[in-house]
Structure formats: C-alpha cells, structure tokens
Amino acid sequence: MSYHYETISLEKGMYGRGGRSFSQTLEELDPSERYRGTALESLDAFQRQLKRFDIHVKGAGSDLVEKFFYSADSAVLFPEFVARVVRQGMEEESILPLITATVTKFDGMDYRSIASTPSEEEKKLLRVEEGAEIPRTVIRTQENLVRLHKRGRMLVASYEAIRWQRLDLFSVTLRQIGAYIGRMHLQDAVEVLQNGDGNGNPADIYAVGTAPITGSSGTLSYNALLDFWSQFDPYRMNTLLVGGDTMLGLLRMPEFQNPLTGLNFQGTGTLDTPLGAKLLRTSAMPSGMLIGLDKNYALEQICAGDVCVEYDKLIDRQLERAAITSVSGFSKLFRDASKVLMV
C-alpha cells in the first residue's frame with residue numbers, strides 16, 4: 001500500500017513559506033488526518049518523512065549524520081531536525097512554563113502588550129442597583145514597546161567532521177545549545193519580573209529588617225517570609241524564584257524540615273514550601289534576593305517565530321557554519337503580581 005507522504009517533493013522554499021514553519025507547510029501538504037486508523041497515525045508529517053528515507057535519529061541504532069545527505073530531498077529535512085532537537089533542549093527542565101501566565105506567538109520585532117491598572121476602588125465588585133451604571137475595567141495598550149531579544153549560537157563544523165557521527169550523539173550537542181538559549185531567555189524573564197518591561201512597572205522591593213518585613217538584614221527567617229507573603233493580596237504568591245544561596249538558607253529553616261516536605265524533596269527533587277508556593281531554583285537569580293509571584297498574572301512570554309536555523313548553509317554547504325537563533329521577550333502583565341525580597 002502506497003501513502004501520499006512517499007511522493008511529496010521537498011525543497012528549500014518550504015522553509016519560511018508564508019510565515020509558516022517547515023513542519024506546518026509539510027503538514028498542509030500531508031495532513032495527519034489521512035493516517036488515522038493506520039500504523040502511521042502516531043507520526044506527524046516530519047516524522048513520516050524520516051520514515052520515508054529510513055532515517056533513525058534516536059537510540060543505539062541511530063543512523064549517521066551523512067544519511068540526511070544521501071539525496072537532495074532528504075537533505076531538506078536536516079534543518080528541521082536540528083531545530084527540533086534544539087527546541088527539545090530549550091524545553092528540557094525549563095522553568096519558564098512555571099512562571100509565565102501566557103505565551104504569545106508574534107511575527108515581528110515590535111510588540112505592544114496590554115495592561116489594566118485599576119485603582120483599589122475599581123477593583124471592588126460593588127453591588128449594582130437597578131438602572132445604575134456598571135463599573136468599568138479599562139484595558140489599554142502599553143505605552144512602550146516590549147523589547148525582544150535574539151539568542152543563539154553559531155554551530156561551526158565541516159561535513160567531514162561529523163558525517164560519521166551517530167545522530168543520537170550529535171543530538172546531545174544540539175540539546176546543549178538549546179539549553180544555553182533557554183537559560184538566556186530565563187535571565188530575560190527574571191530581569192522583567194524585577195525591573196519591568198519599560199512601561200513603569202518594576203516590582204515592589206522589600207528588604208528584610210525594613211518595615212513591613214521583620215527580622216535582621218542579611219538573615220532570611222520564616223517570619224520574614226510570612227511578612228513577604230502577606231503583601232500579595234489580592235494576588236496569591238504561588239511561586240518563589242531563588243538562587244543557590246537563598247535555597248540553602250531556606251533548606252536550613254526548621255519550618256522546611258518537616259518530614260513530609262523532606263520526603264517529597266528527597267523523592268522528587270521538588271520542594272513544597274510551608275507557604276504553599278512552588279520553590280524554583282535558578283542561577284539567573286542574583287545572590288541575596290528572591291522573587292515571589294502569582295504565576296497566573298505576572299508575566300507574558302512573546303515568541304517571534306520558532307527556533308530558526310539558517311537552512312541554506314545546512315543544505316547546500318553541508319553544515320560549514322549554521323546560525324541557530326530564537327527571538328523572545330517578556331511583558332509584565334500585572335505589576336503587583338510579582339514582588340522582590342532582598343535578604
């Protein structure tokens with residue numbers, strides 16, 4: 001039995017066609033709906049093309065890199081393979097989904113988000129009498145544009161240097177590149193949470209030992225955390241971003257040495273705080289600082305396109321130099337949904 005995916009003509013022009021990714025273009029030409037109820041229903045359009053050319057990219061039996069270049073058609077698949085593996089590295093163990101309320105896909109470099117900044121009186125849902133005007137919540141576009149940053153790496157290698165390498169081994173390097181890009185995006189996110197996105201919305205900064213936070217400067221106590229937690233009303237502090245030094249200070253607190261808390265940490269590596277907030281450790285956090293946020297209302301991630309791979313060099317020149325980039329930025333949604341505590 002022959003399938004449609006076996007007869008599709010592949011070409012370089014399928015990348016970036018009409019603002020669509022290679023996978024989206026391939027899916028339009030070879031919709032997955034056609035394969036429901038068949039042995040191929042679990043594969044997407046790109047994976048079906050790998051099957052077409054008998055290219056195995058995972059496991060001990062993975063093929064050599066050179067197999068992508070056995071034909072002009074199969075060579076067209078290589079940039080998408082690189083992009084997918086880099087994307088996998090960006091997503092592995094990434095905490096960005098745990099601190100962003102929403103992700104916006106945007107084609108361009110100039111993005112203007114929206115904001116609603118009601119006063120305390122406007123936040124109250126008062127009773128509306130018959131015939132009276134219903135209170136309004138006004139949503140406006142932000143005054144300043146959100147800055148998007150391009151992060152990437154230049155992959156430099158000759159075809160001869162990697163042609164005999166297994167694709168599974170080559171993927172390890174690509175995933176590491178993705179992990180580097182992901183860390184830089186996380187640093188951008190922390191910067192926006194702390195200092196705002198340029199629209200006059202930096203986080204309120206509290207300091208241990210300065211009212212309303214009790215304790216002594218330089219020492220993080222459970223009482224100081226409680227005082228910090230109490231500043232979030234009407235939001236809920238459900239996430240804490242900390243650096244390595246602050247994490248150690250928290251782990252040494254008696255309140256964090258509850259047997260159930262310790263058992264969960266030892267078994268899963270996830271530390272649930274007595275305050276009910278998810279504790280996330282990252283090297284992107286400066287020393288002596290923690291950021292508390294309501295992840296449902298604090299941050300918007302803007303992605304300008306997907307992971308981009310300079311495909312001409314990968315296809316025509318067989319990998320001499322290839323730029324792997326990702327453009328992303330962050331917008332502060334509600335200013336009071338994130339706050340900073342200085343120890």
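In the predicted model, Y15 and F22 are both buried. A search of the whole structure returns 13 aromatic pairs, and Y15 and F22 form one that is classed as stacked, with 4.4 Å from centre to centre and 15 degrees between the planes. Pairs of this kind are described by two quantities, the distance of the ring centres and the angle of the planes.

A second pair is formed by F68 and F81, whose ring centres are 5.3 Å apart and whose planes meet at 35 degrees, so the pair is tilted; the angle falls outside the stacked class because that class requires planes under 30 degrees apart. F68 is located in the loop between α2 (45–52) and α3 (72–75), whereas F81 belongs to helix α4 (residues 78–91), and the pair therefore ties together parts that are 13 residues apart in sequence. Like Y15 and F22, the residues F68 and F81 are both buried. F68 and F81 also take part in a wider arrangement, in which ring pairs link F68, F69, F78, F81 and F170 into a cluster.

A contact of another kind involves a charged side chain and a ring: the charged end of K339 sits over the ring of F232, at 5.7 Å from the ring centre. K339 falls within strand β12, which spans residues 338–342, and β12 is in turn part of an open sheet of 5 strands with the order β5-β12-β8-β6-β7 and mixed pairing. The edges of this sheet are formed by β5 (204–207) and β7 (278–281), each of which pairs on one side only, and the twist from one strand to the next averages 25 degrees. Strands β5 and β12 run parallel and are joined by 4 bridges; within this pairing, Y206 has L341 of β12 as its bridge partner.

With regard to the overall architecture, the protein contains 12 helices and 12 strands. Of its 343 residues, 43% count as buried, a group that includes the aromatic residues Y15 and F22 as well as F68 and F81. When contacts between residues at least 6 apart in sequence are considered, 78% of them join residues at least 24 apart. The accessible surface of the protein amounts to about 18,400 Å², and carbon and sulfur atoms account for 49% of that area.

Definitions and conventions
Residues numbered from 1 in each chain as written. Predicted model: local features only at pLDDT ≥ 70, side-chain atom pairs only at ≥ 80, totals over all residues. Heavy atoms only, no water. Phe/Tyr/Trp six-rings, centres within 6.5 Å; stacked < 30°, edge-to-face > 60°. Buried < 20%, exposed > 50% of the residue type's maximum accessible area, 1.4 Å probe, protein only. Helix = DSSP H or I, 4+ residues; strand = E, 2+ residues; numbered from the N terminus. Lys NZ or Arg CZ within 6 Å of the ring centre and 35° of its normal. Contact = heavy atoms within 4.5 Å. Areas by Shrake-Rupley, 256 points an atom, 1.4 Å probe, with all protein chains shown as cover. Pairing = 2+ DSSP bridges. Axes fitted to C-alpha atoms, helices over the stretch in contact; angles between N-to-C directions.
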